[in-house]
Amino acid sequence: CSSLVSLYFFFIPTASTNPKAALKSKIVAEFRPQSLIDELLLYKRSEDQIELKEKQLSTMRVDVCSTETLKCLKGKDNV
């Protein structure tokens, strides 16, 4: 019975015999979830900012011929 168990474990593919398994192991080992979370949060904040500006613009009545009004719409970020 012990020889049957040793034969079973002998044929289990390992990372050294299976290149796909080695690659998967490397990807899992090098995965850094915090950097992904940071990038997603940055993206979400950017999307929220765009949505807020769109809502603000949709509720405003703007004279597009006024250069002063256009300067105000650009905001401090684009000056």
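In this predicted model, the largest pocket comes out at a volume of about 190 Å³. Its lining is made up of Q49, L52, K53, Q56, L57, M60, C72, L73 and G75. Two elements, α3 (33-59) and α4, each hand two or more residues to that lining. The largest share belongs to α3, with five residues. Sorted by class, the lining of the largest pocket breaks down into five nonpolar, three polar and one charged residues.

Next, the helix on the other side of the loop. Helix α4 covers residues 67-74, eight residues in total, and the number of them that are buried is zero, so α4 sits largely in the open. Right after α4 comes G75, with a positive phi near 80 degrees; G75 also turns up in the lining of the largest pocket.

Then there's M60, found in the loop between α3 and α4. With a relative accessibility of 42%, M60 falls into the partly exposed class, because that class runs between the 20% cut-off for buried and the 50% cut-off for exposed. M60 is one of the residues lining the largest pocket, and it also belongs to a nonpolar surface patch of about 320 Å², formed together with L57, L70 and L73. From that patch, L57 and L73 are likewise among the residues lining the largest pocket.

Conventions:
Residues are numbered from 1 along each chain as its sequence is written. This is a predicted model: local features need pLDDT of at least 70, side-chain atom pairs count only at pLDDT 80 or more; totals for chains, interfaces and linings use all residues. Side-chain values use heavy atoms; hydrogens and water are left out. Buried means under 20% relative accessible area, exposed over 50%, partly exposed in between (1.4 Å probe, protein chains only). Helices (H or I, at least four residues) and strands (E, at least two) are DSSP runs, numbered from the N terminus. On a 1 Å grid over the protein atoms alone, a cavity is a set of points where a 1.4 Å probe fits but cannot get out, and a pocket is an open set with protein on both sides within 12 Å along at least five of seven lines; lining residues have an atom within 4 Å of a point. Grid points are joined across faces, edges and corners, and a volume is the space filled by probe spheres set on the points. Ala, Val, Leu, Ile, Met, Phe, Trp, Tyr, Cys and Pro count as nonpolar, Asp, Glu, Lys and Arg as charged, and the others, Gly among them, as polar. Patches are made of residues with over 30% relative accessible area and no salt bridge: like charges are joined within 9 Å, nonpolar side chains (Val, Leu, Ile, Met, Phe, Trp, Tyr) within 5 Å. Accessible areas come from the Shrake-Rupley method with a 1.4 Å probe; for residues, only the protein chains shown count as cover. A salt bridge is a side-chain nitrogen of Lys or Arg within 4 Å of a carboxyl oxygen of Asp or Glu.
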